Amino acid sequence: MTARFRLPAGRTYNVRASELARDRQHTEVVCNILLLDNTVQAFRVNKHDQGQVLLDIVFKHLDLTERDYFGLQLADDSTDNPEDLLTV
């Protein structure tokens with residue numbers, strides 16, 4: 001359902017379209033990945049994607065062929081680390 005409001009000078013404003021544009025901007029999240037060499041790499045993923053999508057992006061970045069031996073681990077939130085890190 002969309003609602004239109006008339007603005008001065010004959011312009012219209014589509015409320016639903018602006019809400020959809022705002023929602024689309026917030027669908028991506030940045031995941032900081034701590035790699036085995038202690039470097040941190042940031043990856044953008046859709047917040048509704050499954051973890052396998054992020055894992056595939058990291059594997060592609062690292063150019064890994066033997067994927068069975070690696071995974072992601074969520075860092076503990078109770079640490080003093082300012083960022084939540086995922087570890088490969």
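1. A good place to start is burial: of the 88 residues in the chain, 15% are buried. Please keep in mind throughout that this is a predicted model. The accessible surface of the chain comes to about 7100 Å², and carbon and sulfur atoms account for 50% of that area.

2. On the overall layout, the chain contains two helices and six strands. Read from the N terminus, the order of the elements is β-β-α-β-β-α-β-β. As for contacts with a separation of 6 or more, 22% of them join residues that are 24 or more positions apart.

3. The pairing of E3 and E4 deserves a look. These two strands run antiparallel to each other, with seven bridges between them. Together E3 and E4 make a hairpin, and five residues lie between the two strands. In the turn, Asn38 has a positive phi of about 65°, a value you may like to find in your own torsion plot. Within the pairing, Ile33 sits opposite Gln41 of E4.

4. Ile33 also leads us to the interior. Which residues make up the largest nonpolar core? There are seven: Cys31, Ile33, Leu35, Phe43, Val45, Leu54 and Val58. Strand E3 (28-34), strand E4 (40-46) and helix H2 each contribute at least two residues to this core. As general background, nonpolar side chains tend to be buried together in soluble globular proteins.

5. Next, the charged side chains. Searching the whole structure turns up one salt bridge. The partners are the side chains of Asp56 and Arg67, at 3.7 Å from N to O. Asp56 belongs to helix H2 while Arg67 is in the loop between H2 and E5, so the pair ties together parts 11 residues apart in sequence. Is Asp56 buried or exposed? Neither label fits: Asp56 counts as partly exposed because its relative accessibility is 32%, which lies between the 20% limit for buried and the 50% limit for exposed. Arg67 likewise counts as partly exposed, at 35% relative accessibility.

6. Finally, the outside. Where on the surface do nonpolar side chains gather? Leu36, Tyr69 and Phe70 form a nonpolar patch there, and their accessible area together is about 380 Å². Tyr69 is located in the loop between helix H2 (51-62) and strand E5 (73-74). With a relative accessible area of 67%, Tyr69 is exposed, since the cut-off for that label is over 50%.

Notes:
Residues are numbered from 1 along each chain as its sequence is written. This is a predicted model: local features need pLDDT of at least 70, side-chain atom pairs count only at pLDDT 80 or more; totals for chains, interfaces and linings use all residues. Side-chain values use heavy atoms; hydrogens and water are left out. Patches are made of residues with over 30% relative accessible area and no salt bridge: like charges are joined within 9 Å, nonpolar side chains (Val, Leu, Ile, Met, Phe, Trp, Tyr) within 5 Å. Accessible areas come from the Shrake-Rupley method with a 1.4 Å probe; for residues, only the protein chains shown count as cover. A salt bridge is a side-chain nitrogen of Lys or Arg within 4 Å of a carboxyl oxygen of Asp or Glu. Helices (H or I, at least four residues) and strands (E, at least two) are DSSP runs, numbered from the N terminus. Buried means under 20% relative accessible area, exposed over 50%, partly exposed in between (1.4 Å probe, protein chains only). Contact means heavy atoms within 4.5 Å. A nonpolar core is a set of buried Ala, Val, Leu, Ile, Met, Phe, Trp, Tyr and Cys residues joined through side-chain atoms within 4.5 Å. Two strands pair if DSSP finds at least two bridges between them.
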